[in-house]
Amino acid sequence: MAESLTGRRSPARLILAGIVFLLPIIFFALFYIYPLGSILRLGLIPEGVLDTAALTQLFTDGYLLRVLWFTTWQAMVSTVLTLLLAFPGAYVLARYRFRGKTAVRTLATLPFVLPTVVVAAAFVALIGPSGVINTWLRDLFALEAAPIRLNQTVWIILAAHVFYNYSVVLRLLSAYWQNLPPSMTQAAQMLGASPRRVFFEVTLPLLRPAITSAATLVFIFCFTSFGVIVILGGPRFATLEVEIYRQALNLFSLPLAAALSLWQIIFTFILMWVYTRTQARVGQTVKAISRGAVERAVKKPREKIFVFGNVVLIVMLIGAPLYALVVRSFRGRSGFTTAYYQALFTNRDDSLFFIPPGEAILNSVLIALVAMALSVSLGLLAAQALTRWERETNGRKPIGTTLLARGLDALLMLPLATSAVTIGLGYLIAFGQSPFNWRASLLMLPIAHAVAAVPFVMRAVLPGFRGIQPALREAAAILGAGGWRVWWEVDWPLIRRPILVGAVYAFTISLGEFGTSIFLARPERPTMPLAIYRFLGQPGALNYGQALAMSVLLMLVCAVAFLAIEHFRFGNEGEF
């Protein structure tokens with residue numbers, strides 16, 4: 001609220017308001033900083049005294065060095081392949097106007113909200129031993145075995161990473177490219193520069209901040225990849241993320257798992273720092289201009305071939321795995337069947353699950369609802385506090401307010417630089433002993449999911465709060481409206497759409513979360529991603545079919561959520 005309104009509050013109400021705004025800090029201190037501190041303590045002081053043996057093992061053990069090399073190598077190759085494939089598509093979406101462009105852009109950005117287990121299941125359905133492509137080739141050429149054997153190879157891992165991160169590069173590059181004024185390239189062409197020289201000497205340097213930002217973000221996602229590696233790579237391939245999981249839950253070597261987590265935290269924090277620096281440059285380099293000034297109609301035959309080819313590439317790259325997932329989930333040995341979907345809600349006597357798969361769906365929904373309520377409440381409080389402190393800073397208030405605002409913003413964004421497996425390991429260590437022996441609590445999983453979702457909620461809600469003019473609140477107060485009525489009549493109409501976007505983000509993130517769930521979910525209460533993972537790991541056509549059927553349901557929920565986010569988004573602000 002405006003300062004004039006704040007001045008009317010009693011000291012008790014001011015103290016209460018301060019405590020309320022401290023809730024996000026207290027929550028993150030307990031459920032984010034404390035678990036990471038527990039990892040630090042176990043990695044460096046496992047027996048009560050400083051011991052760096054586990055910390056240096058990453059660079060002295062041959063096996064761990066190979067894990068580190070594969071983690072870095074596959075992330076670099078995945079990043080380069082994604083950039084090369086997405087670059088032409090970003091140009092098409094930024095510079096050309098054609099029918100169906102909005103639908104193509106929507107389809108191209110869908111993978112960003114899909115859970116990794118769904119992506120993995122989609123590629124198994126597409127090019128796995130019993131996938132759509134292998135089945136078609138066997139029928140066409142009367143083959144006995146699958147001709148394409150990419151399952152549990154590095155190639156299927158790279159393909160899944162490109163699919164998953166294609167939308168990230170496409171969205172960041174096309175949005176930035178669209179804001180580059182065409183006058184710069186036109187001036188170079190008038191001076192006699194060839195199209196190739198214009199691209200390399202004018203366009204590419206201008207795009208460098210966006211390319212660096214997109215490449216860093218994709219590298220982070222691939223460096224911390226877990227679900228894709230575990231499901232598609234099998235036991236042959238391990239990243240740092242997978243090795244942390246293996247050391248903690250399979251070998252029960254918590255000190256080494258904690259040491260590996262420390263190294264991963266260091267690596268990802270450095271990468272996240274690079275990303276935030278380059279993202280800031282992206283926002284400052286050029287000013288937004290109208291689409292009509294940069295988009296042009298597709299007229300020349302060469303342009304038609306180029307645009308059509310890229311649209312086909314986008315549709316095939318994104319649509320083929322998802323299409324295969326849906327088709328394969330309805331195909332049995334004798335043709336079309338809905339048996340796999342029916343089996344999800346039938347408790348078989350020989351089921352490998354402790355409970356029917358339908359209960360896994362219910363568990364995921366309940367956990368997601370609790371996580372959504374927590375993250376929206378915390379994100380709302382934090383966004384309101386940040387907005388107020390930013391306005392006080394603009395009014396030349398004490399520097400302490402500025403530091404407090406920046407500190408809270410940085411704190412609540414840190415989970416983006418922390419992998420889900422690291423957070424899960426931190427909870428396993430921190431909340432398995434006194435003074436907080438809560439590991440068996442049913443609330444641990446939704447709390448962990450809320451920690452991961454708060455940054456997305458904040459980035460969705462902040463534009464709404466920043467769009468509220470203080471003069472509107474002051475006018476309402478002058479007319480006699482109390483604090484709550486001012487909030488309801490002035491603030492709420494402007495922030496309800498961003499809140500809905502943040503809530504959908506939080507629900508979707510929790511519903512598809514896999515890394516923390518594999519550490520914290522109780523055996524008798526599996527979530528949907530864990531159920532899919534367990535089904536895919538068991539033999540039998542029915543188990544495989546149920547994994548695909550559940551993946552389709554999860555994909556549909558995420559797709560609907562994504563469409564809701566795009567519909568209710570507050571303007572074009574934010575990075576997500």
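Accessible areas here come from the Shrake-Rupley method with a 1.4 Å probe; for residues, only the protein chains shown count as cover. This is a predicted model, in which local features need pLDDT of at least 70 and side-chain atom pairs count only at pLDDT 80 or more, while totals for chains, interfaces and linings use all residues. Residues are numbered from 1 along each chain as its sequence is written, and side-chain values use heavy atoms, with hydrogens and water left out.

**Figure 1. The whole chain.** The chain exposes about 26,800 Å². Carbon and sulfur atoms supply 65% of that area. Its secondary structure comprises 24 helices and four strands. Helices (H or I, at least four residues) and strands (E, at least two) are DSSP runs, numbered from the N terminus. Of the 576 residues, 52% are buried. Buried means under 20% relative accessible area, exposed over 50%, and partly exposed in between (1.4 Å probe, protein chains only). Contact means heavy atoms within 4.5 Å. Among contacts between residues at least 6 apart in sequence, 79% join residues at least 24 apart.

**Figure 2. Helix α6, residues 116-127.** Burial dominates this view: 11 of the 12 residues of α6 are buried. Among them are Val-117, Val-118, Val-119, Phe-123, Leu-126 and Ile-127. The alanines Ala-120, Ala-121, Ala-122 and Ala-125 are buried too. The expected span of a helix is 1.5 Å times one less than its number of residues. For α6 that gives 16 Å, and the end C-alpha atoms are 17 Å apart, which agrees.

**Figure 3. Helix α5, residues 101-109.** Which residues of α5 are buried? They are Lys-101, Val-104, Ala-108 and Thr-109. Seen down the helix axis, these buried residues fall within an arc of 125 degrees, so they line one face of α5. The arc is that of the directions from the helix axis to the C-beta atoms. Thr-102 and Ala-103 are exposed on the other side of α5.

**Figure 4. The salt bridge in helix α12, residues 240-250.** The structure holds one salt bridge. A salt bridge is a side-chain nitrogen of Lys or Arg within 4 Å of a carboxyl oxygen of Asp or Glu. Here Arg-246 pairs with Glu-243, and the closest N and O atoms are 2.8 Å apart. Both residues lie in α12, three residues apart, about one turn of the helix. Is Glu-243 buried or exposed? Glu-243 is buried, with a relative accessible area of 0%. Arg-246 is partly exposed, at 27%. Leaving aside neighbours within four places in sequence, Glu-243 is in contact with Tyr-63, Leu-64, Val-67, Ala-238 and Leu-260.

**Figure 5. A nonpolar surface patch and helix α7, residues 132-141.** Trp-136, Leu-140, Phe-141 and Leu-143 make a nonpolar surface patch of about 460 Å². Patches are made of residues with over 30% relative accessible area and no salt bridge: like charges are joined within 9 Å, nonpolar side chains (Val, Leu, Ile, Met, Phe, Trp, Tyr) within 5 Å. Trp-136 lies in α7. Its relative accessible area is 53%, so Trp-136 is exposed. Thr-135 is also placed in α7. At 17% relative accessibility, Thr-135 counts as buried. Not counting residues up to four places away in sequence, Thr-135 touches Ser-130 and Arg-331.

**Figure 6. Positive phi in the loop between α7 and α8.** Most residues other than glycine have a negative phi. Ala-142 is not a glycine, yet its phi is positive, about 55 degrees. Ala-142 is found in the loop between α7 and α8 (154-178). At 66% relative accessibility, Ala-142 counts as exposed. Gln-152 is found in the loop between α7 and α8 as well. Phi of Gln-152 is near 60 degrees, again a positive value in a residue other than glycine. Gln-152 is partly exposed, with a relative accessible area of 34%.

**Figure 7. Ile-25 and Ala-382.** Ile-25 and Ala-382 are 357 residues apart along the chain. What separates their C-alpha atoms in space? The separation is 8.5 Å. Ile-25 has its place in helix α2 (residues 11-44). Ile-25 is partly exposed, with a relative accessible area of 23%.
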